[in-house]
Number of protein chains: 2
Amino acid sequence: MSFAVHILGANSAVPNKERFPTSQYIKVGKESILIDCGEGAQIQLSKYKLKPSKINTILISHLHGDHVYGLPGLIGSFNLAGRREPLTIIGPVGIQAFLVGVFKTTYVTLNYVIVFNELDHEGIKHITELKEVTIQAFPMKHRVPTYGYKITEKERKQNILSEAITTYTLSIDQIKAIKAGGDFVTSEGEVIPNAALTKEQVNPKSYAYCSDTVYDEDLIPFIQKVDLLYHEATYLHDLQHMAEKRKHATAKEAGMIARQANVGRLIIGHYSSRYDDLQPLEDESKIEFENVHIVRGGDVYTL
Amino acid sequence: MSFAVHILGANSAVPNKERFPTSQYIKVGKESILIDCGEGAQIQLSKYKLKPSKINTILISHLHGDHVYGLPGLIGSFNLAGRREPLTIIGPVGIQAFLVGVFKTTYVTLNYVIVFNELDHEGIKHITELKEVTIQAFPMKHRVPTYGYKITEKERKQNILSEAITTYTLSIDQIKAIKAGGDFVTSEGEVIPNAALTKEQVNPKSYAYCSDTVYDEDLIPFIQKVDLLYHEATYLHDLQHMAEKRKHATAKEAGMIARQANVGRLIIGHYSSRYDDLQPLEDESKIEFENVHIVRGGDVYTL
């Protein structure tokens, strides 16, 4: 199944040239999921020719402006485009009050339904299941209530080898049993193990999103071995005192988390506007974790 | 005095490629004024190297999202940049409730003061006076309460000719009287007319902003003979029925208003996202009023 992370923006709050604040568009099979929605996200979707109308689920990490101020415009544009399909918005408690308040004061009456799912839990929790993926949320440590997200492809039933069907003249019921993981016993009593009857299963791919958060080793079990991890890296490590004070992470710390969680690849963002050149952030992170990329609007990472 | 209108965005609500919604940055002498603040205005300010910190007055036409959804981000960024100077925001009743609601739900505590001036008047009214300009507001006819704005340079005292001072050995008091517009009477009783003693006065320049509005001849007296007029032109005239229904104007109608108001130049914008090519809007308007330009983000019009 195709699984791609499109970066719409990866800057922190104050703009630096054309670096947009945080937002990502995730395409997994036929699912389109938006994670965070900083100001201008809908303009970026239009620029990169990604279809906003396909988005049915929006995951919000926290209620700081650089992660949500693009939501009212996007939701209003859905309305103007005549949307009828319901939209699910998942985020910390308060996300509904924010949007309802904005719509009330700016004359917006929606012609479709928004289903809010407000989070207020400890530990990692399964929060929704779409056709192609399951989504879990886990709390992070920032200045306000904040959640990280893990999106995992659903396990698929075993694919049976066509030779096995003809060799053993399998019935529909026998095929079902093998697809569910069972071995096959021939009429002579010979046990044919499942692995000999099925194609090798590809491990379900997974993506984890951690922004914004202070350096926090409690996150490691939640994101263990994901194929791709996005972790914020607001500062270089010489400003670690500021990162800690503002509950952000440094590029070095993002690398440390990726290494300890044994992830496949790391992408970092949410960099402070003080950095015109972003390469030093990548270089610093690379010392801790080799397979790291600094992200920019328009980048696409496939799993 | 320098007087420039910088276009940050001129699209209507739904994005089309990289066309941002409505916002303009007006630089008059040392004053920086923002008119409307669609989503992404602060990103455009950064892109065009215009200093947001210089903005002390923001004029809002109405509370539709494509004119205000950039405000929370801009105001929040002022905060993050350590702003201490007060900011004046002028707009229809409700602008304060919108911003206060957003800040309450997204954890914003300002470290500077916003002075709100909410409008609810008929006819044209003087609403504020800055060092270099006076600003008037007048109601327009749209789906929700909406105001247009007229920014006029202040009249300057006459500039006295240096030859006049030496020829007539004028005293300070005599110079003041001439600067205030008076003639001069010599000791022989000869009357020297003011025009012979002063440089020709340049007429104070003026700019009027009309967006959003249906075609409305009631606007004409308010914007009579301005040097530059911005008038919305959401549709081509073949969609006049839609313009009327949605309380917008067509390109032809913008030209008609400019001609009847006898303005110097016309700029048009707020075009519907259905138009990929904007030239037909300009062409249609030009039939009614020759000196017209369609505006795009990054354009600068000087008066």
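Helices, taken as H or I runs of at least four residues, and strands, taken as E runs of at least two, are DSSP runs numbered from the N terminus. The legends below describe a predicted model.

**View 1. The cis peptide bond before B:Asp212 and its counterpart in chain A.** B:Asp212 is placed in the loop that runs between β12 (206-210) and α8 (220-223) of chain B, and the peptide bond leading to B:Asp212 from B:Ser211 is cis, with omega near 0°. In chain A, the bond from A:Ser211 to A:Asp212 is likewise cis, its omega being near 0°, and A:Asp212 lies in the loop between β12 (206-210) and α8 (220-223) of that chain. As background to this view and the next two, most peptide bonds are trans, and most residues other than glycine have a negative phi.

**View 2. A:Asp36, a strand residue with positive phi.** A:Asp36 belongs to strand β3 (residues 31-37) of chain A, and its phi is near 60°, a positive value in a residue that is not glycine. With 28 other C-beta atoms within 10 Å, A:Asp36 is buried, because the criterion for burial is 20 or more such atoms within that distance.

**View 3. B:Lys225, a loop residue with positive phi.** In the loop between α8 and β13 (228-232) of chain B, B:Lys225 has a positive phi of about 60° although it is not a glycine. B:Lys225 has 12 other C-beta atoms within 10 Å and is therefore exposed, since residues with 12 or fewer fall in that class.

**View 4. The contact between chain A and chain B.** The contact draws 35 residues from chain A and 35 residues from chain B. On the side of chain A that touches chain B, the elements that give two or more residues are α1 (41-47), α2 (65-68), α3 (71-80) and α4 (95-105). The residues on this side of chain A comprise 17 nonpolar, 14 polar and four charged. Because 100% of the interface residues of chain A are also interface residues in chain B, the copies meet through the same surface.

**View 5. The rotation axis relating chain A to chain B.** A turn of 180°, with a shift of 0.1 Å along the axis, lays chain A on chain B with an RMSD of 0.1 Å; this is the relation of a two-fold axis. Among the residues of chain A, A:Gly40 comes closest to the rotation axis, its C-alpha being at 2.6 Å.

Key: Residues are numbered from 1 along each chain as its sequence is written. Chains are lettered from A and ligands numbered from 1 in the order in which they are written. This is a predicted model: local features need pLDDT of at least 70, side-chain atom pairs count only at pLDDT 80 or more; totals for chains, interfaces and linings use all residues. Two residues are in contact if their C-beta atoms, placed from the backbone, lie within 7 Å. Ala, Val, Leu, Ile, Met, Phe, Trp, Tyr, Cys and Pro count as nonpolar, Asp, Glu, Lys and Arg as charged, and the others, Gly among them, as polar. Copies are superposed by least squares on the C-alpha atoms of residues with pLDDT of at least 70 in both.
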